[in-house]
Amino acid sequence: MSNYVYIAPTGDGWMNLARDGYFLDTVKRGDVILYYYVNTNAVIIGRNQNAWKECNLSNMDRDGVQLVRRHTGGGAVYHDPGNLNFSFIMNERDYDLGRQLKVITDAVNALGVHAEVSGRNDILIDGRKFSGNAFGLAHGNRSHHGTILVNADLSKFGNYLNVSKAKIQSKGVSSVRSRVCNLTDFCPEANVELVRKLVTESFIREYGNASEYTFDGKDLADIESRYEVQKSWEWRLGKTPEFEYSIDHRFSFGEMQLHFNLKDGHIQMIKVYSDCLDTELCDKVTSALTGVKFTDSAMIGALMNLNCNEAKEIAEYIEANGL
C-alpha cells in the first residue's frame, strides 16, 4: 500500500480533469492518491447537467472562461486561482468518505476556524459553504473530489453561473445555489499554498507518509488522449441531455417566437411563429436551422445563408445576446 500526492503544474481545466479521470481508472488496489489542481478560469459542470441552463456561455466565451464537464455528478461551480481543488482516489475497498472529509475539516480547523460537514456534499463555516464535493466510481475505484474556496473572486460567480434570459425546459440535473464564502472571510492570512500544505499534513496524519506521484510515457499518452476528449465540443456540449429552448423577440419586421428542441447539442426540431408579412419566412428559418449545431456561430451562419434582411436581423440578435 502506498500513498501519493500530486500537484497539477498547470491551470488548464481540461487537462486537470483528464488527469483526474486517469487516476480514477488506473489507481492500484491499496494505493491512495491525493490530487490537487487549480483551474485558471473555468466553469465545471456535472456529467448530466445542461450547460445552456447552468452557464452564461456568451459571457464565458467573451471572457475566455473554459467550460469543463466532469465525468462525475454534482452541480456547476466557477473556478479561479483562488479555488483549491482536491481529489481523493482509491479502490472502493479503501474508500471512507468520513475519513476523507476529516482530512479537509482538520486542515481548515488548523487555521483557527471551525469547519463542519453538512449532509454528504458540503463543508460549512457558520452555515456558509466553502467546499462542495462530488463522487465518481469506475472499475471498482472511487473518487471524491471537491473545492475549497480560499480567496476566489466571488463577484464573478454571477457572470457565468446564471440562467439565460431565454426560457429553458431541461431534463438535465439542476444545480442548487448555496450561500458561499471564502476561507479568507474568517482567516485573512489564508492562501492556496498554505491551505494545500495544511491539507497535505492532515492527509499524512490520517493515512501515513506519502510520496510524489510520477508518470511514465505511457501514462502521459493516455492523459493526452483524455485531454482531447475533455476539450472537445462533443463532450462539453454534445453530451447535453435533451432540452427545449425558446427565443421570443419583437424584430423590426414583427414578433417572432422560436422554440427549439435540442438533443446532443444539435437542433432536432424547431417551431417558428411570427406575425410578419412574409408568410414564407417561418418555413425558411425552420429549414435553415433544423439539424444545425446549437452554437451562435453555426446558427448565425445558417441564417445569413438565407440572404434576406429578416434572417440577418435574427442572426444579429443572436450575435448580440448569445444563447
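**Cysteines, a small sheet and helix H7**

With a relative accessibility of 1%, Cys 55 counts as buried, because the cut-off for buried is under 20%. Bear in mind as you look around that this is a predicted model. Below you will find notes on the cysteines, on an open sheet of 3 strands, and on helix H7, which covers residues 217-231.

**Cysteines**
- The count of disulfides comes to 0.
- Cys 187 is in no disulfide, and the nearest cysteine sulfur, which belongs to Cys 181, lies 12 Å away.
- Cys 187 counts as buried too, at 3% relative accessibility.

**The sheet**
- Its strands follow the order E4-E3-E5, with mixed pairing.
- Strand E4 (66-69) and strand E5 (77-79) are the edge strands, each pairing on one side only.
- On average, neighbouring strands here are turned by 25° against each other, direction ignored.
- Strand E3 (residues 42-45) and E5 run antiparallel and are joined by 3 bridges.
- If you want to locate this pairing in the viewer, go to Ile 44, whose bridge partner in E5 is Val 77.

**Helix H7**
- The 15 residues of H7 should span 21 Å at 1.5 Å a residue, and this agrees with the 21 Å between its end C-alpha atoms.
- Asp 219, Ile 223, Tyr 227 and Gln 230 are the buried residues of H7.
- These residues lie on the same side of H7, because they cover an arc of only 80° around the axis.
- Helix H1 (13-26), E4 and helix H8 (233-236) are what the buried residues of H7 pack against.
- Exposed residues Gly 217 and Lys 218 sit on the face of H7 turned away from its buried side.

Definitions and conventions. Residues numbered from 1 in each chain as written. Predicted model: local features only at pLDDT ≥ 70, side-chain atom pairs only at ≥ 80, totals over all residues. Heavy atoms only, no water. Disulfide = S-S within 2.5 Å. Buried < 20%, exposed > 50% of the residue type's maximum accessible area, 1.4 Å probe, protein only. Pairing = 2+ DSSP bridges. Helix = DSSP H or I, 4+ residues; strand = E, 2+ residues; numbered from the N terminus. Axes fitted to C-alpha atoms, helices over the stretch in contact; angles between N-to-C directions. Expected span 1.5 Å × (residues − 1). Arc of directions from axis to C-beta. Contact = heavy atoms within 4.5 Å.
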